[in-house]
Amino acid sequence: MDVSVSHVTKEFARFPALNDVSLDIHSGELIALLGPSGSGKTTLLRLIAGLDQPTDGQILFGGEDASHKSVQERNIGFVFQHYALFRHMTVAENIGFGLKVRPAAARPPKTEIRRRVGELLEMIQLSGLEKRYPNQLSGGQRQRVALARAMAIEPRVLLLDEPFGALDAKVRKELRKWLRDFHDRTGHTTVFVTHDQEEALELADRVVVMSQGRIEQVGSADDVYDRPSSPFVHRFIGEASEVAVRMEDGEVWIDDRTVGLKADGNGPARLFFRPHDLELLTGCGGCFEGVVVGSRRLAGARRLEVELGGGRHRVEIDVPVDHPAAMKSGLNFRPRHWRVFPVAG
Amino acid sequence: MTSATAFKRWRVKEPSIIPGFGLTLGFSLAYLSLIILIPLAGLVWRASSLSGAELLAILTDARTLAALKVSFGTALIAAAVNAVFGVLICWVLVRYDFPGRRLIDAMVDLPFALPTAVAGISLSALYAPQGWIGAWFAPFGIRIAYTPIGITIALIFIGLPFVVRTVQPVMEEIDRDVEEAAATLGANRFQTVFKVLLPGLAPAILTGFALAFARGVGEYGSVVFIAGNIPYVSEIAPLLIVIRLEEFNYAGATAIATIMLAISFAMLLVINLIQAWSRARYGHD
């Protein structure tokens with residue numbers, strides 16, 4: 001099912017949580033809404049679900065306007081961060097709930113419900129636990145039950161709100177892989193919210209990076225990591241070193257020196273690069289020339305704090321642990337990949 | 001050496017690293033004995049001065065049976081009514097914000113604070129055949145005051161805060177998520193309330209019911225004014241005890257008291273067992 005969000009605005013007590021957001025989600029896609037807290041990602045998910053109504057704009061399910069349909073009518077599957085299982089029901093009753101509350105005409109017979117529940121239990125690899133109550137399950141198991149419960153109603157779209165947020169790191173990794181397999185097998189259109197970029201990059205077909213109620217960039221993991229479209233995305237995804245520069249005559253300048261990078265445009269700008277993605281040089285005309293002022297050991301590298309231009313700028317770079325540059329006070333380098341964003345005004 | 005091992009064998013295993021278990025447990029037991037157990041034991045001891053035949057005679061006395069029936073019957077009905085409408089009031093107080101909400105919230109506690117005799121007198125004035133409310137029912141031949149209906153109304157008044165104050169904090173804790181989950185699964189409001197929310201509240205409602213019931217069985221002050229105290233019809237067991245005392249029939253009074261104690265204890269035990277069962281099953285805290 002294609003889902004299309006068109007010029008949607010959501011205000012909470014006059015405070016805009018979403019500002020004119022548009023997004024097309026293709027059928028069968030696995031999409032991550034990624035952003036810091038307060039970026040509006042959960043609000044967007046709840047609007048798609050129908051748990052909140054947009055102040056302005058439209059939400060279309062397969063070309064049909066669903067903006068004014070109730071949650072119940074939208075037929076979506078929603079998985080909550082804290083599972084939201086019904087704790088007075090067994091695992092089987094939880095999973096079968098969505099089928100049991102259907103109006104009599106649409107409700108499958110009891111044996112059919114039992115069969116579906118059995119199938120879903122098998123799919124979430126919890127067969128044999130159908131008589132347990134939620135409080136007798138681990139966090140990871142509960143979240144899988146929540147997922148099965150959402151899948152039982154054959155939703156048109158599966159929406160997950162920070163599904164792994166309440167789990168510990170190991171279970172989180174396992175479930176991440178499991179969800180990817182699950183999606184590949186069932187082919188449901190799936191949207192999940194996360195603030196964990198690693199999770200978003202690893203899991204999603206496309207990542208929607210959000211900030212302050214707006215979409216900053218939509219793209220594959222490669223797109224948002226290698227070709228970030230704004231300073232925010234560059235800072236938010238992966239690690240970034242940045243320095244104030246000037247563009248002039250097709251070159252990037254730091255103060256009064258060129259650094260050997262080509263750029264079109266004129267005026268003040270900020271240069272971004274990845275701390276680990278650079279080459280160290282021995283002497284140069286036209287490169288970054290800095291003084292090492294600090295050094296920290298990371299797991300697989302040594303992170304140096306380097307002052308450029310006589311102390312006016314400071315950047316971080318990673319060098320191999322055994323590289324002699326780490327021991328010296330001065331060094332030269334040039335980023336392999338970089339982005340320049342003009343500074344407005 | 002031997003005394004040391006004997007001492008060791010005597011020691012209760014401390015269940016926690018927090019110090020002072022022995023002291024606090026000792027204090028709690030001494031306090032409970034003083035306040036509750038010794039008076040109750042005195043009651044049973046007093047009743048045991050009767051021979052079995054005498055006791056049976058008092059218990060099977062038609063007046064005693066009628067009084068017990070009135071007491072437990074009205075208390076049960078009142079507690080049931082309170083369980084329904086108390087939950088409704090909780091819902092309004094927890095879920096909606098409206099001007100005067102805090103005032104109504106405070107009003108719920110009034111039956112706690114009001115001297116029960118005051119409540120009894122004003123209720124009997126209201127529900128008497130000439131009273132403001134009683135006058136509406138009198139033309140249809142429905143008498144409220146001076147019948148078991150009046151007793152039930154007094155007990156509803158007295159028991160309401162027990163249900164509200166027990167259920168309210170639990171209702172406030174309900175996760176919004178659970179309701180939203182039910183909605184995304186296609187449940188309408190009715191189904192959400194009756195299949196998801198109320199079962200989750202059941203232990204709290206049951207506790208409130210038990211408290212209101214226990215209070216209703218023992219209530220005296222508010223009831224004697226509205227009951228009319230007609231033997232075999234609207235005479236409650238606590239009143240019968242007082243009457244026996246005034247006749248200097250102490251044995252008779254304690255016998256009735258003891259049987260009330262036994263019935264109340266049995267009913268509260270059953271309710272607690274139901275709760276323990278639900279706690280073990282659903283993991284309620």
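User: Leaving aside its neighbours within four places in sequence, which residues is A:Val91 in contact with?

Analyst: In this predicted model, the contacts of A:Val91 beyond four places in sequence are with A:Leu126, A:Leu129, A:Glu130, A:Arg132 and A:Val145. A contact here requires that the two C-beta atoms, placed from the backbone, lie within 7 Å, and these five pairs meet that criterion. A:Val91 itself belongs to helix α3 of chain A, which covers residues 91–100.

User: Why does A:Val91 count as buried?

Analyst: The cut-off for a buried residue is 20 or more other C-beta atoms within 10 Å of its own. A:Val91 has 28 C-beta neighbours inside 10 Å, and therefore counts as buried.

User: How far apart are A:Val91 and A:Tyr133 in sequence and in space?

Analyst: They are separated by 42 residues in sequence, whereas their C-alpha atoms are 5.9 Å apart in space. For chain A in general, 65% of the contacts between residues at least 6 apart in sequence join residues at least 24 apart. Chain A has 345 residues, of which 41% count as buried, and its secondary structure consists of 9 helices and 20 strands. Its C-alpha trace spans about 80 × 45 × 35 Å along the principal axes.

User: What makes β13 and β20 of chain A stand at the edges?

Analyst: These two strands belong to an open antiparallel sheet of 5 strands, in the order β13-β12-β11-β14-β20 of chain A. Two strands pair if DSSP finds at least two bridges between them, and β13 (257–262) and β20 (338–342) each have a single partner strand, so one side of each is left without a neighbour in the sheet. From one strand to the next, the twist averages 40°.

User: How do you know that β14 of chain A and β20(A) pair?

Analyst: The pairing criterion asks for at least two bridges, and strand β14 of chain A (residues 267–273) and β20(A) have 5 bridges, in the antiparallel sense, so they count as paired. Within the two strands, A:Ala269 lies opposite A:Pro342 of β20(A).

User: Which are the edge strands of the sheet with the order β15-β19-β16-β17-β18 in chain A?

Analyst: In this open sheet of 5 strands, which also has antiparallel pairing, the edges are formed by β15 (278–281) and β18 (313–319) of chain A, each of which pairs on one side only. Neighbouring strands are turned against each other by 45° on average, direction ignored. At one edge, β15(A) runs antiparallel to strand β19 of chain A (residues 330–335) and is joined to that strand by 4 bridges, with A:Leu278 having A:Pro335 in β19(A) as its bridge partner. At the other, β18(A) is joined by 7 bridges to the antiparallel strand β17 of chain A (residues 302–308), and A:Glu307 is the bridge partner of A:Arg314 in β18(A). The hairpin of β17(A) and β18(A) has 4 residues between the strands, and A:Gly309 in this hairpin takes a positive phi near 55°.

User: Why are the buried residues of α13(B) said to be on the same side of the helix?

Analyst: The buried residues of helix α13 of chain B (residues 237–246) are B:Ala237, B:Pro238, B:Leu240, B:Ile241 and B:Arg244. Because they cover an arc of only 160° around the axis, they lie on the same side of α13(B). Just after this helix, B:Phe248 has a positive phi of about 60°.

User: How do helices α4 and α11 of chain B pack?

Analyst: The axes of α4 (residues 62–95) and α11 (residues 189–218) of chain B are 8 Å apart, at an angle of about 145°, and the crossing of α4(B) and α11(B) is right-handed. By class, the contact has 12 nonpolar, 6 polar and no charged residues. The residues that meet include B:Phe72, B:Ala79 and B:Val87 in α4(B) and B:Ile205, B:Phe209 and B:Phe213 in α11(B).

User: What makes up the side of chain B that touches chain A?

Analyst: The contact takes 19 residues from chain B and 21 residues from chain A. On the side of chain B, α10 (176–184), α11 and α14 (250–282) each supply at least two residues, and the largest share, 6 residues, comes from α10(B). By class, this side of chain B has 8 nonpolar, 6 polar and 5 charged residues.

How values were computed:
Residues are numbered from 1 along each chain as its sequence is written. Chains are lettered from A and ligands numbered from 1 in the order in which they are written. This is a predicted model: local features need pLDDT of at least 70, side-chain atom pairs count only at pLDDT 80 or more; totals for chains, interfaces and linings use all residues. A residue is buried if 20 or more other C-beta atoms lie within 10 Å of its own, exposed if 12 or fewer, and partly exposed in between; C-beta atoms are placed from the backbone. The arc is that of the directions from the helix axis to the C-beta atoms. Axes are lines fitted to C-alpha atoms, for helices over the stretch in contact, and angles run from 0 to 180 degrees between N-to-C directions. A crossing is left-handed if the near helix is turned anticlockwise from the far one by less than a right angle, and right-handed if clockwise. Ala, Val, Leu, Ile, Met, Phe, Trp, Tyr, Cys and Pro count as nonpolar, Asp, Glu, Lys and Arg as charged, and the others, Gly among them, as polar.
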